[in-house]
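This report goes through the structure shown below, from the whole chain down to single residues.

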Amino acid sequence: MSLLLPLPAVLPLIAAGLSLALSRLPNVQRTLGVVSLSAATASAIAVLVHVQDNGPVAIDVGAWPAGIGITLVADVFAALLLVISSIVLLVVLVYAIGQPGTDDGVRFFHPVYLVLAAGVSLAYLTGDLFNLFVAVEVMLMASYVLITLGGNARQVRSGMTYVVINLLASTALVATIGIVYAATGTVNLADLASRLDEIPGPVQLALGAMLFVVFGIKAGIFPLFFWLPDAYPTAPTAVTAIFAGLLTKVGVYAIIRTQTLLFPSDGPSTVLLVVAALTMVIGVLGAIAQDDVKRILSFHIISQIGYMIMGLALFSVAGLAGAVFYIVHHIPVKTGLFLITGLIEQTTGTGALRRLGGMVRSAPVIAALFAIPGLSLAGIPPFSGFIAKLALVDAGLADDQSVIVAISLAVSLLTLFSMAKVWAGVFWGQPDEPPPLAAATNGNGDGSSTLSLPHTMVGATAAIGAVVLAVSFGAGIVWDLSMDAAVGLTDTSGYRIAVLGVAP
C-alpha cells in the first residue's frame with residue numbers, strides 16, 4: 001500500500017513530464033495520457049478496496065513523521081471520490097482526443113491535462129492543510145491554461161475573471177493556513193483535530209469560518225459563486241466538462257473534510273443550512289433565466305452544490321452519507337451533460353435554445369444520450385439523482401429540518417422544469433433562428449445536420465452515460481460505501497490513528 005497509495009497522483013505527473021518531452025508526437029501523447037490515467041484509475045480502485053476492508057491507510061513520504069513531512073492518507077470518503085474522479089478524467093480525455101480542434105496542434109494540452117489530474121488526486125489524498133493548498137494550486141494552474149485554450153477574446157476575458165478570483169481565493173487560503181499554524185503549531189489535519197481543542201472557542205469559530213469561505217469560493221457556494229457562470233461556458237467542451245464535474249467538487253471535499261474533522265458539530269448547523277438553501281435557490285433560478293445550454297448547466301452546478309452542503313449541515317451520519325452519495329452521483333452526471341452539449345454544438349454550431357430544435361429526429365443518438373444524465377439531474381426515479389435527493393430528504397426529516405427539506409423539494413421541481421426547458425428547446429419543435437451549421441449541412445434551417453460526429457466523442461459520452469447508469473442501478477453498493485464514508489467522517493478516530501499511530 002505504501003507504493004500503491006501515491007500512484008493516482010504520481011502516475012499522471014510522471015506522464016505529464018514525458019508528454020511534454022514528446023510534444024511533437026501527438027499520437028504518443030494521446031496514448032501516454034490514456035495509459036497513465038487507466039493505470040491511475042486501477043490503482044484508485046485498489047486503494048478503495050483496501051480501505052473498505054482494512055480502514056484508513058496513511059504513509060509518510062520520505063519517512064518523515066506526520067506533522068513534519070508530507071502525509072498521504074486515504075479513507076473511504078477520499079478513495080470513493082478518487083475512483084469516480086479518475087474514471088471521469090479518463091473518459092473526458094478520450095472525448096477530447098476525438099473532438100476536432102481540442103488537442104490538434106495544441107501540443108501542451110495533454111501535459112497540462114495530466115497535471116490537472118495529478119492535482120485532483122493529490123487533493124483527495126493529502127493529509128495536511130498546506131499540501132491541500134499545493135494540490136489545489138497544481139490543479140488550478142493547469143486549469144488557468146486549459147480555460148483559455150483557443151484564445152478567442154471572449155474566452156480570455158472570462159478566463160481572466162476565473163484566474164483573478166481564484167488567485168485571490170488562493171492568497172486568502174495560504175494566509176488562513178498561516179494563521180492556523182500560528183495558533184496551533186501544526187497544519188497536519190489529524191494533529192489539528194486534537195490541537196484545536198486547546199485554543200479558545202472564538203478563535204476556533206473564526207478559523208472554521210475562514211476555511212469555509214476560502215474553500216467555498218472554489219466550490220461555488222452562495223454568495224461566492226459569481227465567477228462560475230461566465231467562466232465555464234467559454235472554455236472548450238472537454239475542459240468545461242471536467243471543470244464542471246470535478247473542480248467544484250474538490251472544493252466541496254475540502255469543506256466536508258475540514259468541517260467534520262476539525263470543527264465537528266453535535267447537531268445541524270443553522271448557518272450552513274441557510275447557505276445550502278440560498279445556494280440551491282439562487283442557482284436554480286439562474287438556470288431558469290438562461291437561454292444557452294452551457295449557461296443553464298453552469299447555474300445548475302451552483303444549485304446542486306447546495307444539496308451537498310445541506311448534507312454536511314445536518315452533521316449526521318445519514319446527512320453526510322447523502323452528501324457523499326450526491327457528490328458521487330453528480331460528478332458523472334454533470335460531466336456527461338456538458339459532453340452532450342459538446343455534441344450538440346459540434347452538430348449545430350450553437351448551444352442557444354432559440355437556434356435549436358428538432359434534434360430528437362435529426363440526432364436521436366444525442367437525444368438518447370442526453371436523457372440519461374438529464375433525468376438523473378432532475379431527480380426522476382430510478383436514477384441516482386432521485387436516490388441522492390431522497391436520502392437527503394430522509395436525513396433532513398429525521399433531524400426535524402422540515403424547512404430545508406421543503407426548499408430542496410421545491411428546487412428539485414424547478415430543476416425538472418429547467419431541464420424540461422432544455423429538452424423541449426433542443427430536441428423538439430423548430431428553432432426561431434437557423435443554427436450556424438444548418439445552411440452548411442442541409443440548407444433547410446431546421447437544426448438538423450448531416451455532419452457525422454466523431455465516433456470517439458460519441459463513445460466517450462456513452463461511457464459516461466454507462467457510469468451514470470452504474471451508479472443508479474448499483475446504488476446499493478454506492479450507498480453502502482457512502483455510509484461507510486459518513487461513519488468515518490463522524491467518528492474520526494480511525495483516520496487519526498492511521499496518520500498519528502496513536503488513539504486520539
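## Overall form

The model is predicted. The accessible surface of the protein chain amounts to about 17,500 Å², and 68% of that surface belongs to carbon and sulfur atoms. Of the 504 residues, 59% count as buried.

The chain holds 21 helices and two strands. Its radius of gyration is 22 Å, close to the 23 Å that the globule rule gives for 504 residues, so the chain is as compact as a globular protein of that length. Along the principal axes, the C-alpha atoms fill a box of roughly 70 × 55 × 40 Å.

## Contacts and charges

Among contacts in the protein chain with a separation of 6 or more, 80% are between residues 24 or more positions apart.

The chain carries 18 positive and 24 negative charges. The mean positions of these two sets are 14 Å apart.

## The two strands

Strand β1 covers residues 57–60, and strand β2 covers residues 71–74. The two run antiparallel and are joined by four bridges. Asp60 of β1 stands opposite Thr71 in β2.

In a regular strand the side chains alternate between the two faces of the sheet. Strand β1 shows this alternation: Val57 and Ile59 point to one face and are buried, while Ala58 and Asp60 point to the other face and are not buried.

Gly62 is found in the loop between β1 and β2. With a relative accessible area of 60%, Gly62 is exposed, because the cut-off for that class is over 50%. Gly62 lies 289 residues from Gly351 in sequence, and their C-alpha atoms are 50 Å apart in space.

## A buried serine in α3

Helix α3 spans residues 76–98 and includes Ser86. The relative accessibility of Ser86 is 5%, so this residue counts as buried, the limit being under 20%. Which residues does Ser86 contact, leaving aside its neighbours within four places in sequence? They are Ala40, Thr41 and Ala44.

## Cis peptide bonds

A cis peptide bond joins Phe222 and Pro223, with omega at about 0°. Pro223 lies in the loop between α8, residues 201–219, and α9, residues 228–231.

The peptide bond from Pro381 to Pro382 is also cis, and its omega is near 10°. Pro382 is placed in the loop between α15, residues 364–378, and α16, residues 384–398.

## Positive phi outside glycine

Phe315 has a phi near 50°, a positive value in a residue other than glycine. It lies in the loop between α12, residues 293–314, and α13, residues 317–348. Is Phe315 buried or exposed? Its relative accessibility is 13%, and Phe315 therefore counts as buried.

Asp400 also has a positive phi without being glycine, here near 60°. Asp400 is found in the loop between α16 and α17, the latter covering residues 402–427. With a relative accessible area of 68%, Asp400 is exposed. The two residues thus fall into opposite classes, because Phe315 counts as buried whereas Asp400 is exposed.

Key. Residues numbered from 1 in each chain as written. Heavy atoms only, no water. Rg over C-alpha atoms; globule rule 2.2 N^0.38 Å. Buried < 20%, exposed > 50% of the residue type's maximum accessible area, 1.4 Å probe, protein only. Contact = heavy atoms within 4.5 Å. Areas by Shrake-Rupley, 256 points an atom, 1.4 Å probe, with all protein chains shown as cover. Lys, Arg positive; Asp, Glu negative; His and termini not counted. Charge placed at Lys NZ, Arg CZ, Asp CG, Glu CD. Pairing = 2+ DSSP bridges.
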